[in-house]
Every structure is written in C-alpha cells, then in structure tokens.
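Reader: Please give a close account of a single part of this model, and then follow it into its surroundings. I should like the reasoning behind each description of burial or exposure to be stated.

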Amino acid sequence: MQELSNLWAFITAWYNLPFSLALLLFLGLSALQFIGLDQDHDADVDADADLDLDHDLDLDHDLDIDHDADLDHDLDHDINHDLAGAPGWLGALEFLGVGHAPVTMILLLLVGSFGLLGWIANWLLLGVVPTYPGWGLIAVLGGALILSVGVTSRTARLIGRAIPAFASTATSASQLVARRGWVISSQVDQTYGQVKVRDPGGTLITVFAKVDTGKPAIPRDTEVYLVDYDAARKVYTVVPSD
C-alpha cells in the first residue's frame, strides 16, 4: 500500500505533471484510435454491400477529373517550387516521420515517449539530489522533448520499412482510384487529409488525400471517392460521393 501511495505521489508531483498529462493523452488517443478503427470497420462492411457504386467508374469522365488533375498538378508544382525553402514546419513533419507511418501513430509515439522519458529522467534526478531543484523541470522538459522527437523519427522509419507501403508502386496505387472511402481526419482540404478505404484485396487501409484547388474542405466521416492519384506527392484527390 505504501508503494502505491509513493507511486501516486510521484505521478502527481508538480514536476511530473507535464509528463503525466502527456501519458494520459497517450492513453486517451489510443482508446479513441481503437474505437475509431472499430467503427470504421463496421461502416465499411455496411457500405461494401452497395457494390453498384464501387463499379460506377464513369465518375472520372462525368467530372472531367483528368483535366482538373492535370491543372492541379501544375499548380502544386509551381507552388512547391516557389515555396521550396519557406515552410520549415514541413521539414519538421518529414523529420518526425510523416509519410513513413500514419500520423496518428506518430502522434502516439511522440506524446508517449515524451511522457515516459520525462518520468524516467525525474526518477533518476531524484535519486541523485535530496529535493527536486527548480531548474530540473526546464532541463528535463528540454531533454525529454529532444529525445522523444528522435525516438519518434527513428521508430516511424522502422515502421515504414516493416509495413509494406501500398502506394510504393504505381500499379497498386492506381487500383484504389474510383474506390470509395471515408474521411477519418478532422477534414480533407487542399493540402492534407486522411481517408480510410478498402483495397481490391479487402484490406482496410489509410491513405493521404486532398481536394482540388478551389474546392471546399470535406469534413470528417464524409463518404468520398478517390478520383486521382499524384505519384510524386503520394496523395489522392477525393470528391464527396454525393
């Protein structure tokens, strides 16, 4: 009982609050991810019963998607060229592992490793000094953040090597065009979004997606079609199914 009391006192100590909250966020996100995956699976099974929509491949011709996609590709190329050195946060995201592993997994790795490393560092520090020093929290926060970023980056790349990328070849990626999925990120806009879709083999996977330039963002849980694939950026263009 005394050990549990000591553990609780350590977890709730003022110098451990940032790390305890990070681990609490880790547990909450893990639970939401588990529940979300389960719901997506049920919704996808129900929707697969409507096979006529999956085979309605005339969507590309009806919407002149090929021409729009060419224009969008040219615009994206020009924008990326003009801003090549500007958005430093894009490089930070790439360093974290975005593009190598799912974003939700990267976020879980980041907050989980930050909280755990902070706990470990504080426990080691208390083993050296009799009372926790005022400067200790700043030092531990900085060290835990730097180490957690490194752990997340390396782990995301290991995951990327371990899990075959469905979009690693043009053939497998193109097989998803004209298939139906559901938005699982907060929205899909002109720069970023995530969509769950079932591949021709029946596997439920997550893909990166965007909407065409000038089109409104598509909110979470909206049913969409994948209408084009940008092999250079490894992102699909999507439109609402209605």
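Author: A residue is called buried under 20% relative accessible area, exposed over 50%, and partly exposed in between. The model is predicted, and I120 has a relative accessibility of 40%, so this residue counts as partly exposed. I120 is placed in helix α7, which covers residues 103-126. Together with L116, W123 and L124, I120 makes a nonpolar patch of about 440 Å² on the surface.

The helix itself has 24 residues, and the distance from its first C-alpha to its last is 35 Å, close to the 34 Å expected at 1.5 Å a residue. An α-helix has 3.6 residues a turn, so residues three or four places apart point the same way. The patch is one aspect of α7; the other is its buried residues, which include I106, L110, V111, F114, G118, N122 and L125.

From the helix, the account turns to the interior. In soluble globular proteins, nonpolar side chains tend to be buried together. The largest nonpolar core here has 16 residues, of which V188, V195, V207, L226 and V238 touch the most other members. Strands β3 (194-198), β4 (204-210), β6 (223-230) and β7 (235-240) each give two or more residues to this core. Apart from it lies another core, of eleven residues; among them are A13, F114, Y132 and V140. F114 also belongs to the buried residues of α7, which links the helix to that second core.

The strands that supply the largest core can be taken in turn. Five of the five residues of β3 are buried, so this strand is largely enclosed by the rest of the structure. In a regular strand the side chains alternate between the two faces of the sheet. In β3, Q194, K196 and R198 point one way while V195 and V197 point the other way, and all are buried.

Strand β3 has two antiparallel partners to describe. Three bridges join it to β1, with W182 having K196 as its bridge partner. Five bridges join β3 to β4, and here R198 is partnered by L204. The hairpin of β3 and β4 has five residues between the strands, and in it G202 adopts a positive phi near 95 degrees.

Strand β4 also runs parallel to β7, to which two bridges join it; A209 stands opposite Y236 of β7. Strand β7 is mostly covered, since five of its six residues are buried. Six bridges connect β7 with β6 in an antiparallel arrangement, and L226 has V238 as its bridge partner there. Four residues lie between the strands in the hairpin of β6 and β7, where K234 takes a positive phi near 55 degrees.

One charged contact remains. Side chains of opposite charge can pair when their charged atoms come close. The count of salt bridges comes to one, and it is formed by the side chains of R180 and E223 at 3.5 Å, N to O. R180 lies in strand β1 (residues 180-183) and E223 in strand β6, so the pair ties together parts that are 43 residues apart in sequence. The two partners differ in cover: R180 is buried because its relative accessibility is 6%, whereas E223 is partly exposed because its relative accessible area is 23%.

Note on methods. Residues numbered from 1 in each chain as written. Predicted model: local features only at pLDDT ≥ 70, side-chain atom pairs only at ≥ 80, totals over all residues. Heavy atoms only, no water. Patch = residues over 30% accessible without salt bridge, like charges linked within 9 Å, V, L, I, M, F, W, Y side chains within 5 Å. Areas by Shrake-Rupley, 256 points an atom, 1.4 Å probe, with all protein chains shown as cover. Salt bridge = Lys/Arg side-chain N within 4 Å of Asp/Glu carboxyl O. Buried < 20%, exposed > 50% of the residue type's maximum accessible area, 1.4 Å probe, protein only. Expected span 1.5 Å × (residues − 1). Core = buried A, V, L, I, M, F, W, Y, C linked by side-chain atoms within 4.5 Å. Pairing = 2+ DSSP bridges.
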